[in-house]
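User: Could you take a close look at one part of this model, the group of aromatic rings and the residues around it, and explain each term as you go? I am in my first year, so please go slowly.

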Amino acid sequence: MFYNCHGLLELNLPKINLPNVETMESTFEGCKQLPKINLTKFNSNNLKILKRAFSGCKELTSIEIDLDNFNIQLVTDISQMFLGDISL
């Protein structure tokens with residue numbers, strides 16, 4: 001979705017609702033300048049793959065999630081999820 005958006009500095013998706021999403025593979029991969037990601041409203045009930053979801057996000061310092069609602073029971077692949085994220 002945002003793969004290799006090198007100049008992305010801010011992302012505000014407060015009402016995003018994607019209940020059928022099964023993969024976040026490479027979703028934010030390569031967003032080199034993005035400092036934080038807010039996923040507090042993200043519906044993760046069907047999420048299965050997080051492979052390289054945030055890899056290459058060199059400036060990423062925080063990922064905001066709602067722990068009460070972030071469901072990872074179906075997740076089977078988190079390989080290289082934070083590869084190269086030197087600021088986390």
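Analyst: What follows goes through the aromatic rings, then a glutamate, two residues with an unusual backbone angle, and the cysteines.

This is a predicted model, in which local features need pLDDT of at least 70 and side-chain atom pairs count only at pLDDT 80 or more, while totals for chains, interfaces and linings use all residues. Residues are numbered from 1 along each chain as its sequence is written, and side-chain values use heavy atoms, with hydrogens and water left out.

We can begin with Phe 2, which is found in the segment before β1 (36–38); strands such as this one are DSSP runs of E with at least two residues, numbered from the N terminus. Phe 2 counts as buried because its relative accessibility is 15%, where buried means under 20% relative accessible area, exposed means over 50%, and partly exposed lies in between (1.4 Å probe, protein chains only). Leaving aside neighbours within four places in sequence, Phe 2 is in contact (heavy atoms within 4.5 Å) with Leu 8, Leu 11, Leu 13, Thr 27, Phe 28, Glu 29 and Cys 31. The C-alpha atoms of Phe 2 and Cys 31 are separated by 7.4 Å, although these residues are 29 apart along the chain.

A pair of aromatic rings is described by the distance of the centres and the angle of the planes. Rings of Phe, Tyr and Trp (its six-membered ring) pair if their centres lie within 6.5 Å, and planes under 30 degrees apart count as stacked, over 60 as edge-to-face and the rest as tilted. By this rule there are 3 aromatic pairs. One of them is the stacked pair of Phe 28 and Phe 54, at 5.7 Å centre to centre with 5° between the planes. Phe 28 lies in the segment before β1 and Phe 54 in the loop between β1 and β2 (62–64), so this pair ties together parts that are 26 residues apart in sequence. Phe 54 is also stacked with Phe 82, at 5.5 Å centre to centre and 10° between the planes, and this pair links the loop between β1 and β2 to the segment after β2, 28 residues apart. Phe 54 counts as buried, at 4% relative accessibility, whereas Phe 82 is partly exposed, at 37%. Phe 2, Phe 28, Phe 54 and Phe 82 form one aromatic cluster.

Glu 29, one of the residues that Phe 2 contacts, is itself buried, with a relative accessible area of 16%. Its side chain makes a polar contact with the side chain of Ser 26 at 2.7 Å, and another of 3.4 Å joins the side chains of Glu 29 and Arg 52. A polar contact is a pair of N or O atoms within 3.5 Å; within protein, one must be able to donate a hydrogen and the other to accept it, and residues adjacent in sequence count only if both atoms are side-chain atoms.

Most residues other than glycine have a negative phi. Arg 52, however, has a positive phi of about 55°, and phi of Asn 4 is near 60°. Glu 29 touches both Asn 4 and Arg 52.

Finally, a disulfide is a pair of cysteine sulfur atoms within 2.5 Å, and by this rule the count is 0. The sulfur of Cys 31 is 5.0 Å from the closest cysteine sulfur, in Cys 5, which is too far for a bond. Cys 57 is in no disulfide either, since its nearest cysteine sulfur, that of Cys 31, is 5.2 Å away. Cys 31 is buried, with a relative accessible area of 0%, and Cys 57 counts as buried at 0%.

Conventions:
Helix = DSSP H or I, 4+ residues; strand = E, 2+ residues; numbered from the N terminus.
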